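Hi,

Here's the structure I promised to pass along. Have a look, and my notes follow underneath.

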Amino acid sequence: MSLALDRGLTLLEHLADHPGGLPLALMASELDMPLSACHRLLGELQRRGYVRQAHKQGDYTLTTKVVSLGLGYLSNAGIVDIAEPLLERLAHKSGELVRLSIVDEDRLTWVAKSQGTRQGLRYDPDMGMDARLSCTASGHAWLLTLSDERAVELVARQGFGPPAQYGPKAPTTVKALLGFLHAARVRGHSMIEEVFAPGMNAMGAPVMRRKEAIGVISIAGPRTRLTAARMRELAPALLAAAAELGPISNSSSLFGRPPLGKG
C-alpha cells in the first residue's frame, strides 16, 4: 500500500472515531503525520466529498459519503433483502434489538439490525462497527465455532480492550475468555450478562455455511428485560433464524464469497 493511501485511510478511520470533528494540528500530532502531508490529504478528501471543514481554519469532520458507500454496498449485495424478514421476525418475538454481523477475514462487522421494542430502554449501537470479539455475544458466537487456538489468536490480534469501556464481567484473560467459549459450545450459542456493557445482556448464534461461520445473529437488551431465563426461552428462535439464513445466504454476493476467518 502506498504511503499516501495508507495515511488517507488512517485519517478517515480516525475521523470516524471523532464525530465532533478534529483540528488539523491535533490530527497530525495524534497520527504522527507531517502537518503538510495531513493538510494535503485532508484537502483531497474534502475535494472528493468525504470530509468537510466547518469553516476556514475550522475542525474537519466526515461527511455522510462514507456511510452512503457502505449502505449502498450492502443494498446492492442483497443482504438487507435476505436478512430483513428474519431479523424483523426475531425482533418482534423478542422485543429486543436483533443484529446481523458478517465474518470478513479476522473481523466481525455489524451490518443490519431490527429493533423490537418501541418504548422504554433501547440498546442501539451504530452499524458498521467491528464487534469486540472478547466481550460481545456476537464475537463469542463466532469464536465458539473455531478452535481455542484460532479464537485466542483473533482476540489477541484485536486486543481485549480497556476494561473500563466494557461491562463488569468482561473477560480480561485468555482463561476467562475460554471459559465463556466452552460454555457457549455446550449450549450451541453465546450468552453474556453485563459483559459488553453494564446492565446489558445479549446472546448470539452463528450463521453456518458448509460447516463454517459466515455471520452471527444476536439479540441484545437491558438485563431487566432480557434476563437469563428470557434468553433461554429465546434460544430456539435465535438458533432457528440462524439456521434458516445459512442455506439462503448464497443469494447475496456478500455471503456468496468463500467463508473467511478460518486462517
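To start with one residue: is Thr109 buried or exposed? Thr109 is buried, because its relative accessible area is 14% (buried is under 20%, exposed over 50%, partly exposed in between, with a 1.4 Å probe and protein chains only). It sits in strand 4, residues 107–115, and its side chain makes a polar contact of 2.6 Å with that of Asp130 (a pair of N or O atoms within 3.5 Å, one able to donate a hydrogen and the other to accept it; residues adjacent in sequence count only if both atoms are side-chain atoms).

Before you read on: this is a predicted model, where local features need pLDDT of at least 70 and side-chain atom pairs pLDDT 80 or more, while totals for chains, interfaces and linings use all residues. Residues are numbered from 1 along each chain as its sequence is written, and side-chain values use heavy atoms, leaving out hydrogens and water.

On the whole chain, I get 10 helices and seven strands (DSSP runs numbered from the N terminus: H or I of at least four residues for helices, E of at least two for strands). Of its 263 residues, 46% count as buried.

Helix 9 is worth a look too. It covers residues 228–248 and bends by about 45° at Leu234, with Pro236 following within four residues (the bend is the angle between axes fitted to the seven residues ending there and the seven starting there). Its buried residues include Met231, Leu234, Leu238 and Leu245.

Cheers

Notes. The expected span of a helix is 1.5 Å times one less than its number of residues.
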